[in-house]
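Biologist: I would like a close look at a single part of this structure. Please pick out one helix and its surroundings, then carry on to other packing and pairing.

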Amino acid sequence: MEPSRRSMPTSRWTLLVFLLGWSLVGFAQIRLPRLISDGMVLQREQNLKIWGWAAPQENISLRFKDKNYRSKADQQGNWSITLPPQEAGGPFELSLKGSNELIVRDVYFGDVWICAGQSNMVLPMERVKERYMADIEQANYPAIRNFFIPTLTNVQGPQADLPSGKWEVATPQNVMSFGAASYFFARTIYDKYKVPIGLINASVGGTPIEAWISESGLQAFPNLLATIQQNKDTSYVNGLNRKARQGIVPRPSADKGMLEPVKWFDPAYTPKNWRNINVPGYWEDQGIKDLNGVVWYRKEIDVPASMCGVPAKLFLGRIVDADFAYVNGQAVGNITYQYPPRRYNVPAGLLKPGKNLLVVRVINQAGKGGFVPDKPYFLSANGQNIDLKGDWSYKVGDVFPPLAGAAPGGITLQNQPSALFNAMTAPLINHAAKGFLWYQGETNAGNPKPYYQLLPALIQDWRKQWKQGDLPFITVQLANFMEVDYLPSESNWAVLRDAQFKSLTLPNTGLAVAIDLGEWNDIHPLNKKDVGIRLALAAQRLAYGDQNVVHSGPQYERFQVEGDKIRLYFKHTGTGMISKDGEPLACFAIAGADKRFVWAKAEIQADQTILVSNTQVPQPMYVRYAWADNPADANLYNREGLPASPFRTDE
């Protein structure tokens, strides 16, 4: 029954009218998506959609450059206004008016690039600051802006907006959170064209490509569609995850180093029965068999007086998996997983002249544990360094017993098909773009063959979502990684690189080859500057129409059998193909019908073709180049300094 004013005290009736009026006004207020906000970059030289939400049928007006544009919200409260194409420039203001007024300030028109993938795309400048300190200090680019999207998932369907996020200008302070590869890309493009650049970074570490493709884009993958439908059942997902949580039984800590009366990191502790070990290195490679658990490391160092009384920095490379670092009994740092570099600040006054104690407590759950080789290990202060590599002492604090049985598996939402598209990509599709930068594949390398279909599906899906035709799509090919194999071998990473290479059959696609930019012991190689530059070279050709730029290294096109040799033909040879190091071409393998590959002699002929042979293979049929996880000796380049993509002639 509706309230009767006659039966209600005046004060209560007044309050009710006020609350109802307030709620209606609040509901009626126009609202903009997160992307349409202060500091944004809008795509130049094309019709632009400005959109948002309001009360049903609410009238909306937008004022820009002394012109008014009008719209009306539909029955669901959605509205949009189309701005005519604008030249590059800024800053400008957008004024919107409905029942309320909004002003969007500091707006630039330029080129918007959607940067997506997994951790290597989002790896921030902060992680590579020691390598690129000068670039960070010089990062005063008011016309380069970055919009970072935190990890979000949705398995129910596409979201209309983002819950958070803001545009940030490239300054020495802000740039530390920019993706390093995307920042160097943006800087290279801006330095050449002087056009404002907007980076929208939607990337999540350790995620598969299928999580970034929409449901409609996965129509050719019935197994993934079935998973999507299953995941829409909230009770099913919650039930699996509840069982998984129940299967995890907390194990009380039995680490002797933390349970004894004097902790092992305490300078007052007297070490007994500690053994020698080398740092860096994994303990499984130094006499400790298959240990998952806690291992303590200890080292005494002599510190000169000149390094004391000032802030210092402790570089401990990378550690698998987690670590706690102590200097003279004081904790100076802790990281809980293996990938970030260990760079711990040591406060002024903690170091003392003479003997100082370093202790590192390392916790490893699976695989080899310890200190990753070929990383920096030193103590730095006042312009001086103390090398920490070499002999340390160790003692096992705890041993984790093998699990008795596999716990029921839950669902990791960020790995589910379409889950990241729904939450992190769908809210972007109204924001016009210049193109896409894609840096992903490591997670799919365990099962690489579906990538031949999944990457084209992603490219076609996103182009369809943005409705701007064949927008440029540039992929970073997987870098070299893991141990070097000195015999021809099979490689999942090589297969996935080949799938990335084959995606170039789609129109307006590019490939930034990174086969020479990786690190054998780090899935997150630090050289992101050259990655950004190579992405920019591809963009100059595809997006900016610069036909004079050599944007790619040699790309295999076709082969021809000539007796006991095979001739390979290439495109994008620039001013000619070369061996980068002046040595004979390496990493070419040849095989006959049995596909037993052996290393081959490879000779560049007339700068444009390569003749491959091996007397052991008198009837050759197939050739492979750089077909390995880490083809460290691959040296085929063009004279412009760009490496050839790995390839195979056998399908």
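Modeller: What follows starts at helix 10 and then turns to other parts of the fold. The model is predicted.

Helix 10 covers residues 492–502. Of its 11 residues, 9 are buried, so the helix is largely enclosed by the rest of the structure. The buried residues are Trp493, Ala494, Val495, Leu496, Arg497, Asp498, Ala499, Gln500 and Phe501. Charged side chains are on that list too: Arg497 and Asp498 are buried.

What lies over these residues? The cover of the buried residues includes helix 9 (451–466). It also includes strand 25 (473–476) and strand 26 (509–512). Strand 27 (555–562) and strand 36 (647–648) are among the covering elements as well.

Look next at the start of helix 10. There, a side-chain oxygen of Ser491 comes to within 3.3 Å of the backbone nitrogen of Trp493. Trp493 is itself one of the buried residues.

Now take the partner helix. The axes of helix 9 and helix 10 come within 9 Å and cross at roughly 40°. That angle makes helix 9 oblique to helix 10. The crossing is right-handed. On the helix 9 side, the contact is made by Tyr451, Tyr452 and Leu455. On the helix 10 side, Val495, Leu496, Asp498, Ala499, Gln500 and Lys502 take part. Of these, Val495, Leu496, Asp498, Ala499 and Gln500 are buried.

Helix 9 spans residues 451–466, and a loop residue reaches Asp461. That residue is Ser214, in the loop between strand 10 (197–203) and helix 5 (222–231). Ser214 has 3% relative accessibility, so it counts as buried. Its side chain makes a polar contact with the side chain of Asp461, at 2.8 Å. Leaving aside neighbours within four places in sequence, Ser214 is in contact with Ser418, Phe421, Asp461 and Gln465.

A second helix pair is worth setting beside the one above. The axes of helix 4 (residues 180–193) and helix 11 (residues 529–542) come within 7 Å and cross at roughly 50°. That makes helix 4 oblique to helix 11. This crossing is right-handed. Helix 4 brings Ala181, Phe184, Phe185, Arg187, Thr188, Ile189, Lys192 and Tyr193 to the contact. Helix 11 meets them with Lys529, Val531, Gly532, Ile533, Leu535, Ala536, Ala539 and Gln540.

Last, the strands. Strand 23 (residues 390–399) runs antiparallel to strand 11 (residues 275–279), and 5 bridges join them. In this pairing, Arg275 stands opposite Tyr394 of strand 23. Strand 23 also pairs with strand 13 (residues 293–303), again in the antiparallel sense, over 6 bridges. Here Gly293 stands opposite Val399 of strand 23. In a regular strand the side chains alternate between the two faces of the sheet.

There is also an open sheet of 3 strands. Its order is 12-20-15, with antiparallel pairing. The edge strands are strand 12 (281–282) and strand 15 (319–320), and each pairs on one side only. Strand 12 and strand 20 (residues 370–371) are joined by 2 bridges in the antiparallel sense. Gly281 stands opposite Phe371 in strand 20.

To return to the starting point: helix 10 is largely enclosed, because 9 of its 11 residues are buried. Helix 9 is among the elements that cover its buried residues.

Note on methods
Residues numbered from 1 in each chain as written. Predicted model: local features only at pLDDT ≥ 70, side-chain atom pairs only at ≥ 80, totals over all residues. Heavy atoms only, no water. Buried < 20%, exposed > 50% of the residue type's maximum accessible area, 1.4 Å probe, protein only. Helix = DSSP H or I, 4+ residues; strand = E, 2+ residues; numbered from the N terminus. Contact = heavy atoms within 4.5 Å. Polar contact = N/O pair within 3.5 Å; in protein donor to acceptor, adjacent residues only side chain to side chain. Pairing = 2+ DSSP bridges. Axes fitted to C-alpha atoms, helices over the stretch in contact; angles between N-to-C directions. Parallel < 35°, antiparallel > 145°, perpendicular 65-115°, else oblique. Left-handed = near helix turned anticlockwise from the far one by under 90°.
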